[in-house]
Structure formats: C-alpha cells, structure tokens
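Me: Please take a close look at the sheet in this model, and describe how its strands are arranged and what surrounds them.

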Amino acid sequence: MQKVLQQLIELQELDTRRDVLIARLGDLPETVKTLEKQIGNEKEQNIIRQTGIEENESLIQSNKAKIEDLKEKIVRYKEQLYLVTTNREYDALTAEIEFNEEAVRTAEGQILQAGEENDRLREALERSEKNVQDMDAHLVEVRNSLEETQKQTEEEKAVIEAKRSELSAAIPRNFISMYTRVRNARNGLAVVALVRDACSGCHNRVIPQKRVNIYKRNQVITCDYCGRFLYASLEKEEE
Ligand SMILES: [Zn+2]
C-alpha cells in the first residue's frame, strides 16, 4: 500500500509539472483557433459581397443598354407623330411614348438603387479586407509565439510523459482510475498532503482515526469530503 501511495504522489507531481507547461502556452492555441475562424468567416462574407457587387454591376449595364433602346424607340415614335393622319393613330403613338418613358424611369431607378447598394458593399468590403489583413498579421504573430513556446516546452514535456507512462503502468488500475476521476473533478489535484490535521485540497478537518492511519503510512486513505488521496508530509507539518 505504501508503495502505491508513493507512486500516486509521484504521478501527481508529474501531472502538476505537465499542467504548468501547458499553462505556459496560455490562451495562444485558443487565440489561433478563434482568429482562423474569424478570418474564414470574414472571407466568406467578402465572397458574398463581391458576388453582390458583380450582380449589381451587370444589372446596371443591362439597364443602361435597355435605356438606349427605349430612347431610340421614343425618338422614332416622336418622328412618326408628324406623319399621323388620324386622332386614333396619334393617341396610340402618344401612349406608346409614355409607356416607354415610364420604362426608362424604372430602369434609371434600378441603376440608382444598384449603384447605392454597390457603394455600401464596396465600403464594407474595403473595411473587411483591411480587417482581414490585420487579423492575418496578428495570426502570424500568435502562431510564431505559440510555436516558439511549444518548442521550448516540448522536450521537457516528452521527458515528463515518458516517466508518467512508465509510472502509471506500474500502478494498479483501480487506483489509476480513481486518481484520474478525482483529478478531473478536482481541478487537477488528486493527491494532497495532510496539513494541520486538514486535507490541503479542500481544507476540511480529517477525523483522528483517519489521521492515525495516514501517519502509519501503511494504507491508501482518501478525504471524506473531496475524495483526494491524503498523505502525511513531514516537511509540510514542520512549516
Ligand atoms: Zn479534501
């Protein structure tokens, strides 16, 4: 039993050191992910904006061509007005002219609207492209410092992980699964010292009978409140 306890203490030390290494990376990995996502979204939006601009542009062109045709027609009808001989023909031509003039106004309205929309889209596109440039630059910086930090910690982490896997293979499975469960539930800390008669994980007092057993160091004892493994640390008691 004493051996298992010693192994669990060592395992906790290794895991704590590894946690510190990972914490050194900070929120860099998360920042990289967030930036990549934001840049992707922004680029997607810009493709939609660009398509909108092109569609409006072709709408403007087709309406311009339409207006030219309509105006030619109107000129022809106006020339024909001089040649008509009956009121009925005159009224028919006048109606035709009015109809075509109305169509010209409609087309001009569409050109105006599409032009205004393109102004808005181009402005948004420009803003967004600048934004994407800034985010790209930031992403490069964050990636570089992440890589650098990873490089620095990689070697140390590999050593810890090798020791950890050797050690955990030597610990009975039921203890490993208890350890893992408690560590996950208790903020990474599954093995703690008894300090001033209390569990140093949750600071609750440990009953005398348990304390006696902890000092005997011949069995594995866990805290009644937080489930962490408890051990007697002479060092900590002396503090
Ligand atoms: Zn506790």
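Reply: Two strands are taken to pair if DSSP finds at least two bridges between them. Strands (E, at least two residues) and helices (H or I, at least four residues) are DSSP runs, numbered from the N terminus. The model is a predicted one, in which local features need pLDDT of at least 70 and side-chain atom pairs count only at pLDDT 80 or more, while totals for chains, interfaces and linings use all residues. Residue numbers start from 1 along each chain as its sequence is written.

The sheet is open and mixed in its pairing, with four strands in the order β2-β1-β4-β3. Its edges are β2 (198-199) and β3 (221-222); each has a single partner strand, so one side of each lacks a neighbour in the sheet. Helix α5 (residues 208-216) packs on the sheet and touches β1 (191-195), β3 and β4, contact between two residues meaning that their C-beta atoms, placed from the backbone, lie within 7 Å. The direction of α5 makes about 65° with that of β4; axes are lines fitted to C-alpha atoms, for helices over the stretch in contact, and angles run from 0 to 180 degrees between N-to-C directions.

Strand β4 takes part in both senses of pairing. With β1 it pairs in the parallel sense over four bridges, whereas β3 and β4 (residues 229-232) run antiparallel and are joined by two bridges. F229 of β4 appears in both pairings: it is the bridge partner of V191 and also that of T222. Between β3 and β4 the hairpin has six residues, and G227 there takes a positive phi near 80°.

Before the sheet comes helix α4 (residues 173-185). The expected span of a helix is 1.5 Å times one less than its number of residues; for the 13 residues of α4 this gives 18 Å, and the end C-alpha atoms are 18 Å apart, so the two values agree. Just after α4, N187 has a positive phi of about 60°.

As for the wider setting, the protein is divided into domain 1 (25-161) and domain 2 (173-234), with bounds that come from an automatic or database domain assignment. The centres of domain 1 and domain 2, taken over C-alpha atoms, are separated by 65 Å.
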